[in-house]
Amino acid sequence: MARRIAAGAAFGGGSVGLIGAAGVGLVLAEVQLAKRSVGGGRAPIPPRGNGWYGLAYGHTDPLRMGILGDSTAAGQGVRRAGQTPGALLASGLAAVAERPVDLRNVALPGAQSDDLERQVTQLLSDAFPAPDVCVIIIGANDVTHRMSATASVRYLAAAVRRLRTAGSEVVVGTCPDLGTIEPVYQPLRWLARRVSRQLAAAQTIVAVEQGSRTVSLGDLLGPEFEANPREMFGADNYHPSAEGYATAAMAVLPTLCAVLGLWPETDHLDSARDEDMLTVAKAASAAAAEAGTEVTGARAPWALLKHRRRRRLPEAEPTQTEPAAPPPPSKEGAHRI
């Protein structure tokens, strides 16, 4: 595990341990400033969006999908179930598969990677069949609360392994680039970007080793946020808006469909799209540096680096839902991702 973390950090740009004592003091001051600047509004409790999508394709034999992770996975910042990433992915998957999709979202706002064990247990309870596919989005709170990268990826690897053992395909959306948050200033912005990318690279390495695929979220929303902050930020000025979540879901959907065999797969690499076959560690680093990149395991120790074409997603509402249940409260409030 230590070697995998070291590989991710080395290819991801080196260690952040070189910051001096004076720099630490400045960073701590920047953290306090960021806390006052970010989250000026109050994020609504995200709707679960659990239920069936795509009933136009029938009322039997649904694809079962699970969503795990933190508030990015839960959809913190939007008020309608159809605007959450889970609902958008479920409706898009139903359209591609031409089958209904049964969605279960167990993501928890404020969750760190150590909560994945509880979420997997909840998702694999005897009351429900094991999902056909699961999407995990986690890592931002690990960075902001300084969980060690070794512990973070150990929890992620265990969660992916349990889901794969249960028969589920898994797609991991790796840690987003926290350096893109606009109210965060230098040097905290530089430090947040470095640590985020290193964790994303390490997540990619362990997730691919466990047989899942990854999609880097990175600074996916950075350019859009910078150009249209009013449209891309939610009510708390921190989490994405409905448009922001749709942008992220568009990046994940192609990989979600590919892992289920719904789109033709080929080993042909499109050089015009900077696709390549690299060692897993180098592919993880390259993906962390470019948002929207998929990493898929190939012949060990190689991995395929792909940039799939995105598809615009329609807004969707669940057409048949489970009895509503309030989500668990956030561990630290709305400022945690």
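## Strand pairing around S3

Two strands pair if DSSP finds at least two bridges between them. In this predicted model, strand S1 (residues 51–53) meets that cut-off with S3: 3 bridges join them, and the two run antiparallel. Within this pairing, Tyr-53 sits opposite Val-101 of S3.

Strand S2 (residues 63–69) also pairs with S3. Here 5 bridges make the link, and the strands run parallel. Met-65 of S2 faces Leu-103 across the pairing. S3 thus has an antiparallel partner in S1 and a parallel partner in S2.

## Burial of S3

Strand S3 covers residues 101–105. Because 5 of its 5 residues are buried, the strand is largely enclosed by the rest of the structure.

Which residues point which way from S3? Val-101, Leu-103 and Asn-105 point one way. Asp-102 and Arg-104 point the other way. All of them are buried. Two residues of the first group also have named partners: Val-101 stands opposite Tyr-53, and Leu-103 stands opposite Met-65.

## Helix H11

Helix H11 runs over residues 242–259, a total of 18 residues. How does its length compare with the expected span? At 1.5 Å a residue, H11 should span 26 Å. Its end C-alpha atoms are 25 Å apart, so the two values agree.

H11 does contain a kink. The bend is about 30 degrees and lies at Val-252. The proline Pro-254 comes shortly after that point.

The helix is mostly covered, with 16 of its 18 residues buried. Gly-261 follows H11. The phi of Gly-261 is positive, near 75 degrees.

## Arg-213 in S6

Arg-213 belongs to strand S6 (residues 213–215). Is this arginine buried or exposed? Its relative accessible area is 14%, so Arg-213 is buried; the cut-off for burial is under 20%.

The Arg-213 side chain has a polar partner. It contacts the side chain of Glu-294 at 3.3 Å.

## Cysteines

How many disulfides does the structure hold? The count is 0. A disulfide is a covalent bond between the sulfur atoms of two cysteines.

Two cysteines are buried. Cys-134 has a relative accessible area of 0%. Cys-175 has a relative accessible area of 2%. Both values fall under the 20% limit, so Cys-134 and Cys-175 each count as buried.

Note on methods:
Residues are numbered from 1 along each chain as its sequence is written. This is a predicted model: local features need pLDDT of at least 70, side-chain atom pairs count only at pLDDT 80 or more; totals for chains, interfaces and linings use all residues. Side-chain values use heavy atoms; hydrogens and water are left out. A disulfide is a pair of cysteine sulfur atoms within 2.5 Å. Buried means under 20% relative accessible area, exposed over 50%, partly exposed in between (1.4 Å probe, protein chains only). Helices (H or I, at least four residues) and strands (E, at least two) are DSSP runs, numbered from the N terminus. The expected span of a helix is 1.5 Å times one less than its number of residues. The bend at a residue is the angle between axes fitted to the seven residues ending there and the seven starting there. A polar contact is a pair of N or O atoms within 3.5 Å; within protein, one must be able to donate a hydrogen and the other to accept it, and residues adjacent in sequence count only if both atoms are side-chain atoms.
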